[in-house]
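Here is a set of short exercises to work through with the model open beside you. Try each task before reading its solution.

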Amino acid sequence: MKDYLKRQQKLFTEAQQQRLEELNIMIAGTGGLGTNQALQLQRIGVNKIYLYDYDQVEVTNLNRQLCYGKNDIGRSKVEAAAEFLEQFDLATEITARNERITLETAVPADVDIIFDGLDNFESRFLLDQLAAKNEIAFIHAGIEEFFAQIMLVLPESKLRLKDVFAGSEKQKNPAVFSPAVTVTASIQVLEALKYLLGFDDYLENQLLHIDLLSSQMELIDLK
Amino acid sequence: MALKVKFYSLFRINLKTKGVEYEVEESITITELIKKLDQDFDGYFTQKLLEEDGTIARGTIILINGKNIFHLDKLETKVSDGDVVTLFPPSAGG
């Protein structure tokens, strides 16, 4: 076990901790959710993080996208995010892929799960199809104002994102801000870990609904 | 047994309730259910769930027992006592 992970040792069995340190994660979209996911996953000591985005940093990103500052405006998001994460000199390998995700994207063969860090449902439906095609687990999150939802889609799952969220496509830019985005990304990381490390309870055919105004999380059964 | 309608997100905040239950003797369509809800909530659901032409509005989710009505008979899908209808605007941002 890496020396800086000692304080989380009691949370996991030895086998779980070893598995955790072997995990390879693909983050699709390094915006609000994606940068928060990357920070958490690096801190807990996963083996490798692949960052995917094709966009450049804009000033309106800075209220929630934690890997960027004013000096990064105009830079490639994945390059700026990788540089930010690497400055901590932790063991997790960071790989930046400056490309748009399509159905033809070559998902690295060692990826254990794909994290949804996107900001619209059209792209998410495509990402979910890519995960299904590659038989890789996929964890969705969406955040808007004080509300969020998280859904884990297993490789063998017949219930895909579009089965639940058909009709969710919208034109307008949703309102998003840092505390709600960070909470959502953190729960997304936790839910993914529960599945990947073999905990008894994880989200299976359920949607986790998060209401930060009422301070409530609820499970919605899906079919 | 009753027909349960559950509200989430802004629907719950705006209406100050987690949902309602109706005793329905015969099955009703989602269109008819929206009319019932409108009577109880001052036209709120037609405004939130439907476009002006009466089709399902983009950016809202209607689940019946965990299934999206887009994959059933849309607004003509029938529900009855014992069913659970979940209504919420999904969060799209990131």
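**Exercise 1: two helices that meet**

Task: find which residues of α2(A) meet which residues of α6(A).

Solution. Step one is the α2(A) side, where Gly32(A), Leu33(A), Asn36(A), Gln37(A), Gln40(A) and Leu41(A) take part. Step two is the α6(A) side, with Val181(A), Thr182(A), Thr184(A), Ala185(A), Ser186(A), Gln188(A) and Val189(A). Two residues are in contact if their C-beta atoms, placed from the backbone, lie within 7 Å. Helices (H or I, at least four residues) and strands (E, at least two) are DSSP runs, numbered from the N terminus. Step three sorts the residues of this contact by class: 5 are nonpolar, 8 polar and none charged. Here Ala, Val, Leu, Ile, Met, Phe, Trp, Tyr, Cys and Pro count as nonpolar, Asp, Glu, Lys and Arg as charged, and the others, Gly among them, as polar.

Before going on, a word on what you are looking at: this is a predicted model, in which local features need pLDDT of at least 70 and side-chain atom pairs count only at pLDDT 80 or more, while totals for chains, interfaces and linings use all residues. Residues are numbered from 1 along each chain as its sequence is written, and chains are lettered from A and ligands numbered from 1 in the order in which they are written.

Task: describe how the axes of α2(A) and α6(A) cross.

Solution. First, the axes of α2(A) and α6 (residues 178-196) of chain A come within 8 Å and cross at roughly 55°. Axes are lines fitted to C-alpha atoms, for helices over the stretch in contact, and angles run from 0 to 180 degrees between N-to-C directions. Next, α2(A) and α6(A) are therefore oblique to each other; angles under 35 degrees count as roughly parallel, over 145 as roughly antiparallel, 65 to 115 as roughly perpendicular and the rest as oblique. Last, α2(A) passes α6(A) in a right-handed crossing, that is, the near helix is turned clockwise from the far one by less than a right angle, with anticlockwise counting as left-handed.

**Exercise 2: the sheet of chain A**

Task: work out the strand order and find which strands stand at the edges.

Solution. Begin with the order, β3-β2-β1-β4-β5-β6-β7-β8 of chain A, in an open sheet of 8 strands with mixed pairing. Two strands pair if DSSP finds at least two bridges between them. β3 (93-98) and β8 of chain A are at the edges with a single partner strand each, so one side of each has no neighbour in the sheet. Direction ignored, neighbouring strands are turned by 20° against each other on average. At the β8(A) end, β7(A) and β8(A) pair in the antiparallel sense over 6 bridges, and Ile210(A) stands opposite Met217(A).

Task: is Phe138(A) buried or exposed?

Solution. Locate Phe138(A) in strand β5 of chain A. Then count: 27 other C-beta atoms lie within 10 Å, so Phe138(A) is buried. The cut-offs are 20 or more other C-beta atoms within 10 Å of its own for buried, 12 or fewer for exposed, and partly exposed in between. Leaving out residues up to four places away in sequence, Phe138(A) touches Ile114(A), Asp116(A), Leu127(A), Asp128(A), Ala131(A) and Val153(A).

**Exercise 3: the sheet of chain B**

Task: trace the strand order in chain B and follow the pairings.

Solution. The open sheet of 5 strands runs β2-β1-β7-β4-β5 (chain B), with mixed pairing. β1(B) is joined to β2(B) by 4 bridges, antiparallel, with Val5(B) opposite Val20(B). β1(B) and β7(B) pair in the parallel sense over 4 bridges, where Lys4(B) faces Val84(B). β4(B) pairs with β7(B) in the antiparallel sense over 4 bridges.

Task: which side chains of β1(B) are buried?

Solution. Leu3(B), Val5(B) and Phe7(B) point to one face and are buried. Lys4(B) and Lys6(B) point to the other face and are not buried.

**Exercise 4: where the chains touch**

Task: how many residues of each chain are in contact?

Solution. Chain A gives 32 residues and chain B gives 19. On the chain A side, 14 are nonpolar, 10 polar and 8 charged.
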